[in-house]
Each structure stands twice: as structure tokens, then as C-alpha cells.
Amino acid sequence: MLIPTGFSKLPSKEGCFNNQILFGGTVAQMASAAAQLSNCKFLGEAHYHIGQEVLATIGGMISFATGTSGSVKTNRTYNFLYQSTPLSSHLALLIQYRAANFEATNVNIKAKLRATGSNSYTGTILDHGIQFEEGLDLTHDRDEVSLAFTGSELVSAPTNTQPDPVRPLFVPTSNRGDLLNVVIETTQALPITVHIYDLLIPEVTP
Amino acid sequence: MSNSYTTPPTLADPSRTTAGLTLRTTELSRLGDLQNYAFAVGGCGDVLNQYWDEEVFEIPQNSGANLDACRWYIARPSNSHNELKVRLSAHTISAGSTFIVSVTFDTTGNKYSSPATAITDTARFQSGFVEATITVSGAETDTEVLFNLGVQAANPGYVELAFIEARWSPLSSPLSAGSFSQGSDTFIPQGVSRLGADLPLTARFGVETLANLTTLRKRGRMLFAWSGSLNARSGNNPAQGLGIFDPQVMFSNVALYGGMNQIDGLEVKVFINVVNYSAGSVIDIFGHRLSITSAGWNEYSLKLRLEEITLSDDFNLSMYRVGLDDSPNNASLLLSINNKINTSPLYISGLSIIGV
């Protein structure tokens, strides 16, 4: 069945009263509305803003290069916890970042998925993940914020042990509903926001 | 009769209810199961996420007392979701540092706190994050609550934050008998075996199902949450308020669902925390120009009036840019070189957006 993505109008409750013929259409509308809730509205998402140092006298961000932490540094590792749902199968990432220095180094952003057993940052790797490449997936711009996106292809369970070209991260069946760690490693790129989304699966076999 | 649910949920097949096909009890049983699942689990993903880069936000010791670090408004799924799990990544310079998180309910004024929880790492991402649990023990009806993070750094030294994440625990299956509440709305769980073969299909099932679906459509989803720093140590300068750069990043690209403008009660709620209030100021958020009417938290209920963004094609959903707008008005309101915090202007120290 197709998963509805909108709040369609529900049937009249009078149609369910005694002495009324309960047409299949009424039940079908209820089934579709319930599927919209479970498989669309209540999919998970997480929105991280990464705070940077600002000028003390101003108190807020006026640019994305202010202060010591705001300048691009190499080889940083970030851990983003994500509370998956029982229906989290593919995770899309939207990353706002700034990157430069393509001519001198290999600028990239890697993302992989780990379990969080014992509250560890280095739990079992669930998906060895992906790499955003300079010139292909990443934009060289010292001044403006750029956007990197994994796309939304519903990939099969990956078998890679080195980062793949960009694709959504895959959550193994046994880990759906778990607290997960989306690990992002940057080389000469500085993320400012990281958004994590469960992807909608448009068609599901009931 | 058990109000149970299946995880992951099983869907009722609408095509099985068309003319010429037998209306199987499977569909009705699954429809009951699915409602129970949506009530118990829906909205129990992340409700709070924020991150600070290295050496950005450090909280000083305060003679052994707790210092507030941040405040957010967060969504609560229902009046029965009473356990909030909070995960904090932080490290301390001296052993003995702790943090306490709490939620406060506006209607009653009641506040519920976690126990003081030890911060043990002594370097960033050294070992593991720490989890604290808030248990709401009273009968509370608010579905948006004020969340506070407090930190007690051991002397001498400070605590440096890396990130915070939180979620409400789902209700376990089966749901208890009787009715549940979500704010002032009602949800009646469905006995799944009652919908099996050879049992009458009551009018009550249909009416309650329609009411349940209406209730669940109103349940809040966190679309964006950000808090400025409330107490950073001297020489350490995280953002305290929204700055002129922030319209470029203080938003989420999120799905909002068609029909929400045509159905009552489906609105987006915006909360802003105002410091140094002065009358007559306005701020542009979510495509609306909002009048700031008081110091502290201002709340707005807004209808969708934005244009869809091109990401809709990728997500197969209607996606919108939800957050702080990039507008000339905001450029003059937000902290900037011409509007410095040390001149005590009005500024925004918190922004939370809850959709449906």
C-alpha cells in the first residue's frame, strides 16, 4: 500500500453508528490515516546546531569563522546521538558546513553509524558509511555556508568496510528503535548544523 | 481484552476493504493495534538536540552550587509519557562534577528533576556519554514543557559541554485499560482481541478510532530547538543570543503535512525566550512577523504559510524551511556589530519550534 503523506479528511463518525452500513471505504480511510501516523508523521528526526565561539562583546554569531573554534581544523570527530524508531531503516543526513583549501589537501566529510552499548562513543559499527568528496559532494567556499546531502535512495543493506560514495546510512533490522551514534569525521571542513532523518518508505506491503 | 501493539507496527490494508472483498478481521485487529502503537511510541524520538564545538561552552564552578546552562521548550507526547531520558556528553577538569536536568509544567508550576548525575570523563569524548532520567510523578496535562540543564562543576575547574540529546520513553505494550489523555484530548486504546472473528463490530470502535486519529494528529513533533548559554565561565564565549548570522543556520528543513491548515488544532508552536524586553519589537519566524510582548518566554500558534522547498522531491514529502527567517527586520533585531550584547539590547536566548 502507498503510505499517505498528508492529513486527509476523516470520514464522518455517523457512518460508524448502529443501523448504518459500514462501507469498506470508511475502514479504508481509517487504515490510511493510521498508516500516515505510524509510517510518516512519527518517523524520527534530529536537528543539531553546533555552537561556535563568538565575540564576547556581541554575544551572538555574526559570521561563521569567528574565534578560535570557528576556524577550520583538520581531522575532527563528532558524535551525534540519534534515537531511532522501530521504523528507522535509512537515515538521510543534511549537513551545513564550510570548507576550503581544496588545492592543498583532500577535503572530505565521512559519516558512519555506531551502536551505543554501555554509552560508548565507539560501539559496534553498524554501517561503515560514506564519504563526501571535495569537488563532487562538497563545495569550496570560504565565505558561505554550503549544504551536503546524502540523498534519499533506499539502499539495500551495505557490505562495505570502507566509506561508500554518498548514500543514506542503513540501520540493521536488529538495531531499529535503539539509540544510535552518527559519527562524522571531517578533514578541513567545519560543520555548523547536522540534521538526521528517517526516510519515508513510500510503499509498504501490509 | 488486551490493548497490545506490535513493534514494528503492522499496517491494515485499505485495499482489502474495497467492494468484492471480504472485510477480514485482520484489518480491524491491525487497525486497533496500530492506534495503540501510535499512541505509545509516536513522538518518542529525539525531542532535544544541541551541540557545542570544542572549547566553546564551559561552565565554571560556583562554590559547590548548580548553575543553569541552557533552557528549551520541548514537546511531550501525552499526559502518560512520564519518563524523559537525557543524554549528556561533557567532561570535567576536577572529579566530582554533576549535572541535573528538570522539566517544569506551566499549568501547575510543578518541577521534576533528575538526580544529580556524575560527569566522569576528563577529556572530550574520552569514554562515554552520561544518561539521566526525569520521572514525572504527578498528573500533568501540558504537552509542551520547559526543560532546564543545570551543571555543578567541581572546584577547581569547569565542565565543558559537547552535546545534549533527550527523548521520552515509549509506553510499554499492552496499554492499560481505560482512557488516556493528550493535553485536553482523549485517546481510547483498543482491545485487539476484541476485534477478532465472531465478535460484533461495534459502532464504538469506529467512533473511537476516528477520535483517536484526530488526537494523534495533534501530537507535537520537535522541529527545532536551540538555547543560548546562560552561564559560561569567564573568557569562554558561546553564543548567548541569536546573532545576525543565524538566519543562515537556525532552521530545519522538515516535513509538514498537507491538510494541516484545513483541520482545526493542527498548528506549529513557536517559543522564544526574550532578554532585555522593550515594547514594540517584532521578529520573523516561520514566515510570520511575531510581536514580542513580554520578557521571558513568548508563545505563538501559527498556521503554515510557507512555500515548499525543492528537498520535497528527495524526501517524497512536503518539506519546508522552518526557523528563523532571513529578513531585514531580523537583521536589525538580532545581535550584531551594531547591536552588541554589552549595550543591553533586546535579544533572543532561546528558540523552540514544535510542529504536528
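Let me start with handedness: a helix crossing is left-handed if the near helix is turned anticlockwise from the far one by less than a right angle, and right-handed if clockwise. Keep that in mind, everyone.

What we have here is a predicted model, where local features need pLDDT of at least 70, side-chain atom pairs count only at pLDDT 80 or more, and totals for chains, interfaces and linings use all residues. Residues are numbered from 1 along each chain as its sequence is written, with chains lettered from A and ligands numbered from 1 in the order in which they are written.

Now to the helix pair. Helix 1 of chain A (residues 24-41) and helix 2 of chain B (residues 203-217) have axes that come within 10 Å and cross at roughly 30 degrees. Helices here are DSSP runs of H or I, at least four residues, numbered from the N terminus, and strands are runs of E, at least two. Angles under 35 degrees count as roughly parallel, so these two helices are roughly parallel. And the handedness? Their crossing is left-handed.

Which residues meet there? From helix 1 of chain A, A:Thr26, A:Met30, A:Ala33, A:Ala34 and A:Leu37 meet B:Gly206, B:Thr209, B:Leu213 and B:Leu216 of helix 2 of chain B; contact means C-beta atoms, placed from the backbone, within 7 Å.

On to chain B as a whole. Chain B has four helices and 20 strands, and its C-alpha trace spans about 75 × 45 × 40 Å along its principal axes. Among its contacts between residues at least 6 apart in sequence, 81% join residues at least 24 apart.

Thanks, friends!

How values were computed: Two residues are in contact if their C-beta atoms, placed from the backbone, lie within 7 Å. Axes are lines fitted to C-alpha atoms, for helices over the stretch in contact, and angles run from 0 to 180 degrees between N-to-C directions. Angles under 35 degrees count as roughly parallel, over 145 as roughly antiparallel, 65 to 115 as roughly perpendicular and the rest as oblique.
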